[in-house]
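Hi everyone, thanks for coming along. Please bring up the sequence and the structure, and we'll walk through a few spots together.

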Amino acid sequence: MKTAFASLDVLNTEGTLVLFATADGKLGKTAAALNEQTGGAIKRAILLAEERFKRGVVELACPSGVAHDRFLVFAVDDPAECSAYDWESLGGKIVAKLNGLGVKTAHVAIDQFEGMDTRDDEVALALATGMRLRNYRFDKYRTSTDDEAESPPSGLQKLNLHLENHGAAAEHWESGAAIAAGVEHGRDLVTEPANVLTPTAFAEECKKIGGEVGLDVEVLDRAALENLGMHALLGVAQGSEQAPFLVVMQWKGGKDDEPPVALVGKGVCFDTGGISLKPAGGMEEMKFDMGGAAAVFGAMKAIAGRKARANVVGVLGLVENMPSGTAQRPGDVVTAMSGTTIEIINTDAEGRLVLADALFYTQERFEPKAMIDVATLTGAVIVALGHEQAGMFSPDDALADQLRAAGEAVGESVWRLPLGGNYDKHIKSEIADIKNTGRAREAGATAGAVFLQRFAGDVPWAHLDIAGVAWSKRDLPLSGKGATGFGVRLLDRFVADNHEG
Ligand code: BES
Ligand code: ZN
Ligand code: ZN
């Protein structure tokens, strides 16, 4: 979708024009002028629709003498109270409506309403963001074009936003578009099936994007991981024909001597469970078990794309978890890079094994000022929080608050869950330092987190369990069914608000 910003002079544009009115029917300057020009048609349509308008939108075909075909008037509950995320969500609604009508090119007039503190260029940025994110689709594997059900019409292609401060909006959009591109690319990776997005293909994609946006990318192969003693990660990969990798992506936008922020992602390209095999029903979903790595990848693309003034390193642990004659067994003991010995109780608790080595490596090599891992780690976090919020675990109150605020700002909410204390006892092993599961049906998401904490060293660290939010079976304000890209914007915003400038 192409996005452009222009002046409020919309009277001579054509096609579909989106306008806003307050829920009680007040019009801004542009809408009022068009109402005048159409002999009061807009006001009449709002009055006729009554409650239906307050809940959303009225559509009116334009009378002759007007350059446009149709007006869509969206209700804005209280423009003075709208947050950026509210405008983004409204953008999502608008694009869903436009796509329902099959509109390819749309104009949106952004009037300033009374009492509204938010500048029109901020509103434009939020609308453009929401519309672009909600307009995302993944059509790569659709070949039929004649069957509507199989191949729904492609989405909005050209968006023209009209406002007074259009120059400022166009400037903001340079960053906004880079962030949206990061989300889209993250969603693409999550959606790709595991026969296409193998760990090798994922690592290749990292190198490719590094060249495009200016990231330094290193790919550590099996031999390098063996030299480092990463037997927790390697143990997960040993049942698969697919080679494992650790990818390190660096963005150096800050001062030379400034330690980086580190983002670490679980990249299990397919999780069968291994010898502790998962049930067949729904197993296809486990292609999204690399959602944490995709979030880090997307955030790195966004951060580099908008040339953030910060040093940020992204580390991805890429493996496939398969059952086979060479696969790891329940009862095996492996030694992680840190020297910690781990008894494998359940080969399906593989994400924490991958992250154990990725986290230890990252904190030792980079001594980051903050380290955040993102992972589709446990089914238990879905039991606790459903698909509404991600679980957040951190011993650091300040870091937890920063992440919560970043998530809130972009509509990617995280809810803090407990860590440490007695929970640490849940992973005691009879034979090794720790085991890779907690106690059956008890605080499973925390058991995963206390396991990871063992490998985070002394750096300020947080773990985001995104198992419930990386993929959606329902339409959401800023995404349709499928991959959400959860984490990309949260991480980008966390860096922007706390580690730049
Ligand atoms: N990838 C899964 C977690 C998951 C489940 C993500 C559902 C998304 C949706 C993870 O590797 C896993 O299987 N965890 C086990 C851990 C258990 C064996 C301790 C789980 O949650 O059941
Ligand atoms: Zn698993
Ligand atoms: Zn997994």
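Here is a question to begin with: which spacing do the donors of the zinc ion (ligand 3) follow along the chain? Take a moment with the sequence before I tell you. The spacing is K-x4-D-x17-D-x60-E. And please keep in mind that this is a predicted model.

Now let's put names to those letters. Lys-266 binds through NZ, Asp-271 and Asp-289 through OD, and Glu-350 through OE, at 1.9 to 2.4 Å from the zinc ion (ligand 3). What is the geometry of this site, with its six donor atoms? It is octahedral, and the angles run from 77 to 173°. For comparison, the textbook ideal for six octahedral donors is 90 or 180 degrees.

Back to our zinc ion (ligand 3): Asp-289 sits in the loop between β9 and α10, while Glu-350 belongs to the loop between β12 and α11, so this pair ties together parts that are 61 residues apart in sequence. Are these two buried or exposed? Asp-289 has a relative accessible area of 2%, and because anything under 20% is called buried, Asp-289 is buried. Glu-350 is buried too, at 0% relative accessibility.

Let's turn to the other zinc ion, ligand 2. Its coordinating atoms come from Asp-271 (OD), Asp-348 (both O and OD) and Glu-350 (OE), at 2.0 to 2.2 Å. In sequence, these donor residues are spaced D-x76-D-x1-E. This site has six donor atoms as well, but the angles among them span 70 to 165° and the site is irregular.

How far apart are the two zinc ions, ligand 2 and ligand 3? The answer is 3.2 Å, with Asp-271 coordinating both. Asp-271 is in strand β9 (residues 261-271), and it lies 79 residues from Glu-350 in the sequence. Asp-271 is buried, just as Glu-350 is.

Some of these residues come up again when we look at ligand 1. Around ligand 1 there are 18 residues, and the closest are Lys-278, Asp-289, Asp-348, Glu-350 and Gly-379. A polar side-chain atom of Lys-278 is 2.8 Å from an oxygen atom of ligand 1. For Asp-348, an N or O atom of the side chain is also 2.8 Å from a ligand 1 oxygen, and the side chain of Glu-350 has an N or O atom at 2.8 Å from one too. On its own, ligand 1 would expose 510 Å², and the protein buries 78% of that.

Next stop, strand β6, residues 158-162. Why can we call β6 largely enclosed by the rest of the structure? Because four of its five residues are buried. Strand β1 (residues 2-6) pairs with β6 in the parallel sense over five bridges, with Phe-5 opposite Leu-161. Strand β5 (residues 105-109) also makes five parallel bridges with β6, and there His-107 partners Asn-160.

Last, some backbone angles to look up. Most residues other than glycine have a negative phi. Lys-307 is not a glycine, yet its phi is positive, at about 50°. You'll find Lys-307 in the loop between α10 and β10, and it is exposed, with a relative accessible area of 60%. Ala-443 also has a positive phi, near 40°. Ala-443 is in the loop between β16 and α14, and at 36% relative accessibility it counts as partly exposed.

That's my tour. Thanks for listening!

How values were computed: Residues numbered from 1 in each chain as written. Chains lettered and ligands numbered in written order. Predicted model: local features only at pLDDT ≥ 70, side-chain atom pairs only at ≥ 80, totals over all residues. Heavy atoms only, no water. Donors = N, O, S within 2.8 Å, 3.2 Å for Na, K, Ca; no water. Tetrahedral: all angles 85-135°; square planar, octahedral: opposite > 155°, others 65-115°. Helix = DSSP H or I, 4+ residues; strand = E, 2+ residues; numbered from the N terminus. Buried < 20%, exposed > 50% of the residue type's maximum accessible area, 1.4 Å probe, protein only. Near = heavy atom within 4 Å. Polar contact = N/O pair within 3.5 Å; in protein donor to acceptor, adjacent residues only side chain to side chain. Areas by Shrake-Rupley, 256 points an atom, 1.4 Å probe, with all protein chains shown as cover. Pairing = 2+ DSSP bridges.
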